[in-house]
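Please look over the structure below before reading on. The briefing that goes with it is short and grouped by topic.

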Amino acid sequence: MKYATGNRLKEIADALYGGNRSELARNLEMKPQALTKYLNGESMPGGLILIRMHGLGVNINWFLTGEGEMLREGPPHAISEPIGTYLARLEEEVLEEEEKEALGDLVDFSEAIREQDLSPGMQRAMLLVFARHLKSESAEE
């Protein structure tokens with residue numbers, strides 16, 4: 001199975017490092033040889049690599065789905081512990097389809113509120129309310 005994320009990694013290398021894939025590997029804290037299997041679509045990057053890509057300004061929703069913009073606007077933001085946990089579970093392939101959808105919705109919402117002129121505390125509060133909403137929706141089903 002070939003993963004479409006290989007082509008997206010090539011696009012990231014082009015956009016951020018003028019196509020220099022060794023530089024992309026270095027910034028993802030991995031050896032160029034390890035990056036090759038991802039670039040060829042032979043394997044899908046796990047949670048740790050996704051977190052590092054997020055730190056480079058990559059829109060993880062775009063990377064995983066191809067939807068939206070490749071790069072996030074503004075400075076890189078730290079990944080919250082719950083999102084880190086979900087990414088780790090995604091890497092281990094133990095997320096159910098509903099959880100994957102909820103994570104995508106949460107990432108989209110998070111990016112949308114970051115575009116607003118809100119304090120970090122207000123952003124966290126809105127994320128918490130949205131996460132609780134997602135949790136209550138899943139409990140109702």
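The points below cover the fold, a charged patch, one helix, the salt bridges and some loop residues.

This is a predicted model. The protein has eight helices and zero strands. Of its 141 residues, 32% count as buried. Two salt bridges turn up in a search of the whole structure.

**Overall fold**

- Along the sequence, the pattern reads α-α-α-α-α-α-α-α.
- Strands are absent: the count is zero, against eight helices.
- The buried share is 32% of the 141 residues.

**Negative surface patch**

- Which residues gather in the patch of negative charge on the surface? They are Glu67, Glu96, Glu97, Glu98, Glu101, Asp105, Asp108 and Glu137.
- Helix α7, residues 97–114, supplies the largest share of this patch, with five residues.
- Glu98 sits in helix α7.
- Glu98 has a relative accessibility of 51% and counts as exposed, because the cut-off for exposed is over 50%.

**Helix α4 and its end**

- Helix α4 spans residues 47–55. Its buried residues are Gly47, Ile49, Leu50, Met53 and His54.
- Viewed down the axis of α4, these buried residues fall within an arc of 160 degrees, so they line one face of the helix.
- Gly57 comes just after α4 and takes a positive phi of about 100 degrees.

**Salt bridge within helix α2**

- Arg26 and Glu23 join their side chains in a salt bridge, at 2.7 Å from N to O.
- Both residues belong to helix α2, residues 21–27. They are three residues apart, which means a separation of about one helical turn.
- Is Arg26 buried or exposed? Arg26 counts as exposed, at 53% relative accessibility.
- Glu23 is partly exposed, with a relative accessible area of 25%.

**Salt bridge between a loop and helix α4**

- Glu29 pairs with Arg52 in a salt bridge. Their closest N and O atoms are 3.6 Å apart.
- Glu29 lies in the loop between α2 and α3 (32–39), and Arg52 lies in helix α4, so the pair ties together parts that are 23 residues apart in sequence.
- Glu29 counts as exposed, at 59% relative accessibility.

**Backbone at Glu29**

- What is the phi of Glu29? Glu29 has a positive phi of about 55 degrees, although it is not a glycine.
- For context, most residues other than glycine have a negative phi.
- The position of Glu29 is in the loop between α2 and α3.

**Asn20 and the loop after α1**

- Where does Asn20 lie? Asn20 is in the loop between α1 (5–17) and α2.
- Asn20 is partly exposed, with a relative accessible area of 37%.
- Asn20 and Lys10 are ten residues apart along the chain. Their C-alpha atoms are separated by 9.2 Å.

**Points to keep in view**

- The negative patch draws five residues from helix α7, and Glu98 is one of the patch residues.
- Helix α4 has buried residues that line one face, and Arg52 of this helix pairs with Glu29.
- Glu29 combines a salt bridge to Arg52 with a positive phi and an exposed position.

Notes. Residues numbered from 1 in each chain as written. Predicted model: local features only at pLDDT ≥ 70, side-chain atom pairs only at ≥ 80, totals over all residues. Heavy atoms only, no water. Patch = residues over 30% accessible without salt bridge, like charges linked within 9 Å, V, L, I, M, F, W, Y side chains within 5 Å. Areas by Shrake-Rupley, 256 points an atom, 1.4 Å probe, with all protein chains shown as cover. Salt bridge = Lys/Arg side-chain N within 4 Å of Asp/Glu carboxyl O. Lys, Arg positive; Asp, Glu negative; His and termini not counted. Charge placed at Lys NZ, Arg CZ, Asp CG, Glu CD. Helix = DSSP H or I, 4+ residues; strand = E, 2+ residues; numbered from the N terminus. Buried < 20%, exposed > 50% of the residue type's maximum accessible area, 1.4 Å probe, protein only. Arc of directions from axis to C-beta.
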